[in-house]
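Trainee: I have a structure to go through today, could you walk me through it?
Mentor: Gladly, let us open it and begin.

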Amino acid sequence: MRAAKQQVRSVTAGSSAPQIRATDADDVPILVSLAEGTRVFSPHEIVGLKEDLDSCLAGDYPLDRLLTIEHAGRAVGFAHFGPAEITHGTWYLYWIAVDRASHGHGYGAQLLRRVEDEVRGRDGRLVLIETSTLPRYEATRSFYERTGYGRECVIRDYYSVGDDKVVFAKRLA
Ligand SMILES: CC(C)(COP(=O)(O)OP(=O)(O)OC[C@H]1O[C@@H](n2cnc3c(N)ncnc32)[C@H](O)[C@@H]1OP(=O)(O)O)[C@@H](O)C(=O)NCCC(=O)NCCS
């Protein structure tokens with residue numbers, strides 16, 4: 001059953017407040033298109049994203065969570081996160097994306113705060129986020145730093161030669 005929608009604090013000027021709710025199957029084409037429109041993800045990643053969303057909604061990862069943020073009835077972003085296997089309280093943020101036309105309005109930070117609240121609520125203590133060191137991810141890395149994530153480690157040449165993986169981490173209070 002779809003989770004109850006929850007009113008969240010507005011961070012954007014306007015008459016209605018953004019809302020964060022559980023993602024449902026109707027959202028998938030919109031979210032995939034939104035992610036594609038950010039121009040950050042490769043076609044290969046977009047295919048993987050669609051598979052991840054479909055699998056998650058099909059219940060293949062029952063502990064994972066998928067959240068959509070919408071404003072004025074329009075989906076403007078989403079996040080997918082889940083617990084890391086064989087750990088006690090470590091969670092991964094797998095995907096986060098905001099509609100390109102809506103960047104810089106606080107939606108991403110609001111989503112991330114909600115992710116952290118939900119992780120805390122499930123006895124989570126550590127959130128990890130992996131991303132690339134390629135220049136096109138520079139804004140993404142700035143976003144993680146501005147939202148309180150530190151660079152925990154770098155694995156050189158992880159994605160391909162010259163494309164390192166950086167792991168950002170936040171220990172939840
Ligand atoms: C990363 C992303 C989710 C951020 O969402 P957003 O709604 O634009 O971010 P916010 O408006 O909430 O910004 C939160 C903070 O990050 C900072 N930030 C956001 N974008 C930034 C940028 N391009 N450069 C520098 N800082 C940035 C903001 O200044 C803000 O910091 P502040 O509160 O100290 O001013 C969004 O840019 C996006 O969808 N990027 C493409 C997809 C992606 O890279 N996803 C992650 C890989 S899985």
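Trainee: Which pocket does the ligand take up?
Mentor: The ligand fills the largest pocket, where a pocket is, on a 1 Å grid over the protein atoms alone, an open set of points with protein on both sides within 12 Å along at least five of seven lines. Please keep in mind that this is a predicted model, in which local features need pLDDT of at least 70, side-chain atom pairs count only at pLDDT 80 or more, and totals for chains, interfaces and linings use all residues. Residues are numbered from 1 along each chain as its sequence is written, and side-chain values use heavy atoms, with hydrogens and water left out.

Trainee: How many residues surround the ligand?
Mentor: There are 19, counting a residue if one of its heavy atoms lies within 4 Å, and the closest include Val98 and Arg146.

Trainee: And which polar atoms meet its oxygens?
Mentor: Taking N or O pairs within 3.5 Å as polar contacts, a polar backbone atom of Val98 is 2.7 Å from a ligand oxygen, a backbone N or O atom of Gly104 is 2.8 Å from a ligand oxygen, and a polar side-chain atom of His103 is 3.2 Å from a ligand oxygen.

Trainee: Changing topic, how many salt bridges are there?
Mentor: The whole structure has 13, each being a side-chain nitrogen of Lys or Arg within 4 Å of a carboxyl oxygen of Asp or Glu. One of them joins Arg21 and Glu70 at 3.1 Å, N to O.

Trainee: Why does that pair tie parts together?
Mentor: Arg21 lies in strand E2 and Glu70 in strand E3 (strands being DSSP runs of at least two residues), so the pair links parts 49 residues apart in sequence.

Key: A polar contact is a pair of N or O atoms within 3.5 Å; within protein, one must be able to donate a hydrogen and the other to accept it, and residues adjacent in sequence count only if both atoms are side-chain atoms. On a 1 Å grid over the protein atoms alone, a cavity is a set of points where a 1.4 Å probe fits but cannot get out, and a pocket is an open set with protein on both sides within 12 Å along at least five of seven lines; lining residues have an atom within 4 Å of a point. A molecule sits in a cavity or pocket if more than half of its atoms lie within 2 Å of its grid points. Helices (H or I, at least four residues) and strands (E, at least two) are DSSP runs, numbered from the N terminus.
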